[in-house]
Structure formats: C-alpha cells, structure tokens
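Here's a quick briefing to read alongside the model. Have the sequence and the 3D view open, and we'll go through it topic by topic.

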Amino acid sequence: MNFLLSIAFVLCWSSGFIGAKLGAGSASAVTILMWRFLPLAVILIVIAAVSGTSWRGLAVRDVARQAMIGVLSQSGYLLTVYYAIQLGVSSGTTALIDGVQPLVTGALAGPLLRQYASRKQWLGLCLGMGGVAVVTMADAAAGTGAAWCAYLIPFLGMFSLVAATFLESRSRARVAPAVSMTIHCATSAVIFTALAVSAGVAKPPAELSFWAAITWLVALSTFGGYGLYWLILRRSGVTKVNTLMFLMAPVTAVWGALMFGEPFGLQTALGLAVGLAAVVIVYRGDTSSTRAFARDMDTGEVARPAKYGA
C-alpha cells in the first residue's frame, strides 16, 4: 500500500509542473493561480464551517503563523514556478531546481536547528547542486527561449519553500492538516486575486484548455499532491516524503518531453542521474545527528537553538 501511495504521490505532485505548462499558453501565471485557489478556498472554508471541531482551541497567533507559512509555501513558491515556466524554463528543469529543497533544508538544519549533516551528506548536497547546473545548462543551450535570469526564479521559490519548512518546524502548536490546508489556500486565494485584479488579468479566458488546466491542477496537484503528502507524512514520516521529492525531476522531465516535446538529451539525462545519486548518498550518509533530526521532524519535536529557548 505504501508503495502504491508513493507512486500516486510522485505522479500527482509532478502533475503540478505539467499543469502550469498547460495553462501557460492561455493565461498569465497570476490568472491561473487565482482561479486555481479561489474556488478551492471557498469549498474548503464551507467544509471548515460545517465541521469546525478541528478549529477548536486554535489561537489567533497560530492562524497568523499558518497564514505566513501559506504565503511562503504556496504563494511565493507557486508564483515563481509558474512565472519561470511562463518565461520558457522547461517543466523538468523547474522541477529539478525545486527538488533540491530537502538537501538545502538538511544543510541549513545545522546552523538553524543544531542538527548537522555528515560529510557524505555534504557530498550529496554538492552533487545535487551539480546535477541542477548540468540540466539548467542543457535546457538553456537547447534554445527554449528563456533568458538566463529566468533560471534564477525557481531558486527563489525553492528558498521560499525552505523558509516555510523552518517556520513550520518552530511552531509549538499542532495544527490539523485540513485546517492548515484551508488557511494556506485561503491566503493564496486572497493574494493571487489581489495580484490579478491589480494587473487587470482577473478575467479568465474562454478557452477550454484553460479550464482543463485548472481542473487538472485542483484535482491532481492540490487534492492529489497535497492530500497524499499529508497522508504519507503521517504514515512514513518527513524523511520518506523528502526522499520522494527527488523523484519529481526525472518524472516531470520525461513527462514534459513526451507531452510538450521539451528537450531531453544526454546532458539532461546525465544531470538527472547525478541528482538521483545525490539522493542515495544523502540518505546513506545518515549519522546519529541526522537520524535524530529525522526522528524529531517526524514527531514534530524539532530541537530549537538555545537563543530561542527550549
């Protein structure tokens, strides 16, 4: 069962990059994101109003923290991903840059959470970044039409997701997944609606391809990807989920090549192989400190630096 859930999760999460590519031809990034989250937020708020038991005892401070996590993990992250794809960066390259997020999180866990990576894990981090560089150069050389600065945009989204991860890890309150998803989606709906209205692009296009992309993103990426993320997180822990995140890049690259004819040459395959080798090294380079980090993240009891108190 866990194996089947993992396959479904990888496919659903990867579908987000493909859905962004589907919608990029008919509307701007903020238009797609507005109509992805606005109806979804209304549905989730109605469900929350009907079954409000999970909201009992939730302080205003906890709601504000979850809203900030939503700004970083959804609004900031998705806007950069969609915008990069709109500028011509391939979906596979965007997914690969996004896929190094667990490695960066592991590297920053030392100075921020006093959980330090081993030498093998640092080697894996360097290899992972090398794989990103190889694929990015291959994508740029293939003449996708994207300017060099467009390849920096997914990195902003990746660091936004990293920031959300650490903000969540410092939270003392345990918030139910359904509650956090509602807050995140409602926050994203407000932000993207405001951006779309201010830019004059709030009106959705009449093309069927646009609504097909929205349906794809809501059904597969949000309910499928985020829903399975929380399910696997509870069943197997954050380490297993983060391991699966590294599979998004090869799946998306192959998917994008088959569906959109995106470049997938020998250099791209080499970069993806290097990235996968980095995954193996990172998770075989487990030490007592990193095992403690994984255990604490799984239980929600992440150690905090002394200056922040116990």
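A quick word on pLDDT before anything else: it is the predictor's own confidence in each residue, on a scale from 0 to 100. You'll want that here, since what you're looking at is a predicted model. On that scale the protein averages 76, and 74% of its residues score at least 70.

**How far to trust it**

- Confidence peaks in helix 8 (residues 177-199), with a mean of 92, and bottoms out in helix 13 (residues 288-299), with a mean of 44.
- The stretch over residues 287-310 has a pLDDT below 50, yet in the model this stretch still has 46 contacts beyond near neighbours in sequence.
- Where pLDDT is low, don't read the predicted coordinates in detail.

**Overall build**

- Helices are what you get here: the secondary structure comes to 13 of them, with zero strands.
- Walk along the sequence and the pattern reads α-α-α-α-α-α-α-α-α-α-α-α-α.
- Take the contacts between residues at least 6 apart in sequence: 90% of them join residues at least 24 apart.
- Of the protein's 310 residues, 49% count as buried.
- About 14,400 Å² of surface is exposed, and carbon and sulfur atoms supply 69% of that.

**A greasy spot on the surface**

- Phe-3, Leu-4, Ile-7 and Leu-11 make a nonpolar surface patch of about 420 Å².
- One of these, Leu-11, is found in helix 1 (residues 2-24).
- Leu-11 has a relative accessible area of 43%, so it counts as partly exposed.

**Met-181 in helix 8**

- Met-181 is found in helix 8, the element where confidence is highest.
- Is this residue buried or exposed? Met-181 counts as buried, because its relative accessibility is 13% and the cut-off for buried is under 20%.
- Met-181 and Leu-44 sit 137 residues apart in sequence, but their C-alpha atoms are 8.3 Å apart in space.

**Cysteines and disulfides**

- As a reminder, a disulfide is a covalent bond between the sulfur atoms of two cysteines.
- How many disulfides does the model have? The count comes to zero, going by cysteine sulfur pairs within 2.5 Å.
- Cys-185 is buried, because its relative accessibility is 0%.
- Cys-149 has a relative accessible area of 40%, so this cysteine is partly exposed.

Note on methods
Residues are numbered from 1 along each chain as its sequence is written. This is a predicted model: local features need pLDDT of at least 70, side-chain atom pairs count only at pLDDT 80 or more; totals for chains, interfaces and linings use all residues. Side-chain values use heavy atoms; hydrogens and water are left out. Helices (H or I, at least four residues) and strands (E, at least two) are DSSP runs, numbered from the N terminus. Contact means heavy atoms within 4.5 Å. Patches are made of residues with over 30% relative accessible area and no salt bridge: like charges are joined within 9 Å, nonpolar side chains (Val, Leu, Ile, Met, Phe, Trp, Tyr) within 5 Å. Accessible areas come from the Shrake-Rupley method with a 1.4 Å probe; for residues, only the protein chains shown count as cover. A salt bridge is a side-chain nitrogen of Lys or Arg within 4 Å of a carboxyl oxygen of Asp or Glu. Buried means under 20% relative accessible area, exposed over 50%, partly exposed in between (1.4 Å probe, protein chains only).
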